[in-house]
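Hi,

Here is the structure I promised to pass on. Have a look at it first, and then read my notes below.

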Amino acid sequence: MTIAEVSRTYDISADTLRYYERIGLIPPVPRTSGGIRDYDEESCGWIELMKCMRRAGVQVEALIEYVNLFQQGDATLEARKALLIEQRDQLAARMQEMQASLDRLNLKIERYDQGLMTAEKRLQRLHEEKQKS
């Protein structure tokens with residue numbers, strides 16, 4: 001696929017794709033005899049992985065390190081696994097923090113709902129009392 005096709009398919013700009021390759025976030029993309037990037041299935045797999053990891057908040061530096069380790073071959077399997085475990089643990093901790101924040105917001109909203117219901121009931125009683133008079 002051309003860079004334009006990959007850009008459309010993965011909703012990522014061509015500039016970002018070039019940048020990812022330049023900094024080593026994805027391995028070098030195969031090129032045609034004319035030097036044009038020709039994204040193959042493996043290249044697209046790396047793009048999908050990096051998009052997923054970046055959405056999860058994984059640091060660019062950690063991902064570059066992962067790609068470097070991958071390119072060194074099977075001797076780095078344990079190091080790659082350790083890096084992924086570390087990133088997973090950091091993500092899980094962030095998710096716990098976010099869940100705690102969400103729980104707190106939900107509680108605050110619930111209190112507002114309870115307060116509004118109380119105010120509405122008070123208004124309803126006033127309206128009923130007015131109707132009786």
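One definition before the rest: I call two parts in contact when they have heavy atoms within 4.5 Å of each other. Also keep in mind that this is a predicted model.

I spent my time on helix 3, which runs over residues 41-55. From the first C-alpha to the last, its 15 residues reach 21 Å, close to the 21 Å expected at 1.5 Å a residue.

Which residues of helix 3 are buried? They are Ser43, Cys44, Trp46, Ile47 and Met50. Because they cover an arc of only 155° around the axis, they sit on the same side of helix 3. That buried set packs against helix 1 (3-10), helix 2 (14-23) and helix 4 (60-71). If you turn to the face of helix 3 directed away from the buried side, you will find the exposed residues Glu41 and Arg55. After the helix comes glycine 57, with a positive phi near 90°.

Then I checked the cysteines. How many disulfides does a search of the whole structure find? Zero. Cysteine 44 is in none, and the nearest cysteine sulfur to its own belongs to cysteine 52, 16 Å away. A disulfide needs the two sulfurs within 2.5 Å, so at 16 Å the sulfur of cysteine 52 is too far from that of cysteine 44 for a bond.

As for their surroundings, cysteine 44 has a relative accessible area of 7%, so it counts as buried. Cysteine 52, at 34% relative accessibility, is partly exposed.

Cheers

Conventions. Residues numbered from 1 in each chain as written. Predicted model: local features only at pLDDT ≥ 70, side-chain atom pairs only at ≥ 80, totals over all residues. Heavy atoms only, no water. Helix = DSSP H or I, 4+ residues; strand = E, 2+ residues; numbered from the N terminus. Expected span 1.5 Å × (residues − 1). Buried < 20%, exposed > 50% of the residue type's maximum accessible area, 1.4 Å probe, protein only. Arc of directions from axis to C-beta.
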